[in-house]
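Me: I should like to understand how certain descriptions of a protein model are reached. Please set out the reasoning behind each.

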Amino acid sequence: MSKATVGVVMGSSSDWETMKNACDILESMEISYEKKVVSAHRTPDLMFQYAETARERGLKVIIAGAGGAAHLPGMIAAKTTLPVIGVPVQSRALHGMDSLLSIVQMPAGIPVATVAIGASGAINAGLLAAQFLSAFDEPLKERLDSYRKSLEQKVKESDLK
Ligand SMILES: Nc1c(C(=O)O)ncn1[C@@H]1O[C@H](COP(=O)(O)O)[C@@H](O)[C@H]1O
């Protein structure tokens with residue numbers, strides 16, 4: 001099995017329905033990844049260990065999704081200098097506004113690249129990870145170019161008659 005390049009973590013297994021969209025994109029881009037439930041609140045020691053060992057284990061980018069008081073992406077980012085992409089999972093009570101604000105409003109010095117709430121955000125997290133990696137990977141850049149072409153084609157085919 002090849003070593004994972006992207007780590008996809010989420011605060012709860014209930015986030016999987018959203019986060020699987022990021023994993024689907026990584027698979028379609030032929031990027032190796034690992035997925036894991038890690039919580040800053042519920043498993044703080046595991047979260048520290050995951051973030052601290054991420055770089056030496058060969059990860060290049062981390063995608064972290066969480067809902068509600070979504071501290072996971074920021075706390076992962078606090079423990080590694082790998083790029084972290086935060087996915088605000090849609091919460092029931094506040095429709096994901098809580099997740100979005102707690103991920104996006106990082107203090108200066110510890111960035112988290114925050115995407116939109118929910119499935120669209122998870123798709124973009126997968127694509128953004130691919131785009132970061134494509135800076136050093138020409139075949140991956142070509143796969144991203146074909147993806148963009150396929151989007152263009154879909155719009156043209158679905159144009160109003
Ligand atoms: N925001 C966090 C963190 C964290 O940030 O560490 N850990 C779990 N959670 C979130 O709690 C929500 C409800 O979780 P449950 O469905 O397990 O009750 C999930 O969206 C999860 O991401």
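The exchange below takes up the chain as a whole, then one strand, two loop residues and the ligand shell.

Reply: Please bear in mind that this is a predicted model.

Me: What makes the radius of gyration of the protein chain agree with that of a compact globule?

Reply: The rule takes 2.2 Å times the number of residues to the power 0.38. For 161 residues this gives a radius near 15 Å, and the protein chain has 16 Å, so the two agree. Along its principal axes, the C-alpha trace spans about 50 × 40 × 30 Å.

Me: Which pattern do the helices and strands of the protein chain follow along the sequence?

Reply: The order is β-α-β-α-β-α-β-α-β-α-α, made up of six helices and five strands. The UniProt annotation "domain: PurE", from an unreviewed entry, covers residues 4-155. Over that range the chain is 48% helix and 16% strand.

Me: Why is strand S1 described as mostly covered?

Reply: A residue is buried if 20 or more other C-beta atoms lie within 10 Å of its own. In S1, residues 6-10, five of the five residues are buried. Val 6, Val 8 and Met 10 lie on one side, Gly 7 and Val 9 on the other, and both faces are covered.

Me: How do you know that S1 pairs with strand S2?

Reply: Pairing requires at least two bridges between the strands. Five bridges join S1 to S2 (residues 33-37), and the strands run parallel; the condition is therefore met. Met 10 stands opposite Val 37 in S2.

Me: Why does Glu 30 count as exposed?

Reply: The limit for an exposed residue is 12 or fewer neighbours. Glu 30 has 10 C-beta neighbours inside 10 Å, so it counts as exposed. Glu 30 lies in the loop between helix H1 (16-28) and S2, and has a positive phi of about 60 degrees although it is not a glycine.

Me: Why is His 95 called exposed, with 12 C-beta neighbours inside 10 Å?

Reply: The limit of 12 or fewer includes 12 itself, and His 95 therefore counts as exposed. His 95 belongs to the loop between strand S4 (84-89) and helix H4 (97-104). Its phi is also positive, near 55 degrees, in a residue other than glycine.

Me: Which residues come nearest to the ligand?

Reply: Of the 17 residues around the ligand, Gly 11, Ser 12, Ser 14, Ala 40 and Gly 67 come nearest. The shell divides into seven nonpolar, eight polar and two charged residues.

Note on methods:
Residues numbered from 1 in each chain as written. Predicted model: local features only at pLDDT ≥ 70, side-chain atom pairs only at ≥ 80, totals over all residues. Near = placed C-beta within 6 Å. Nonpolar A, V, L, I, M, F, W, Y, C, P; charged D, E, K, R; others polar. Helix = DSSP H or I, 4+ residues; strand = E, 2+ residues; numbered from the N terminus. UniProt positions renumbered as here; feature names shortened; annotations may be inferred.
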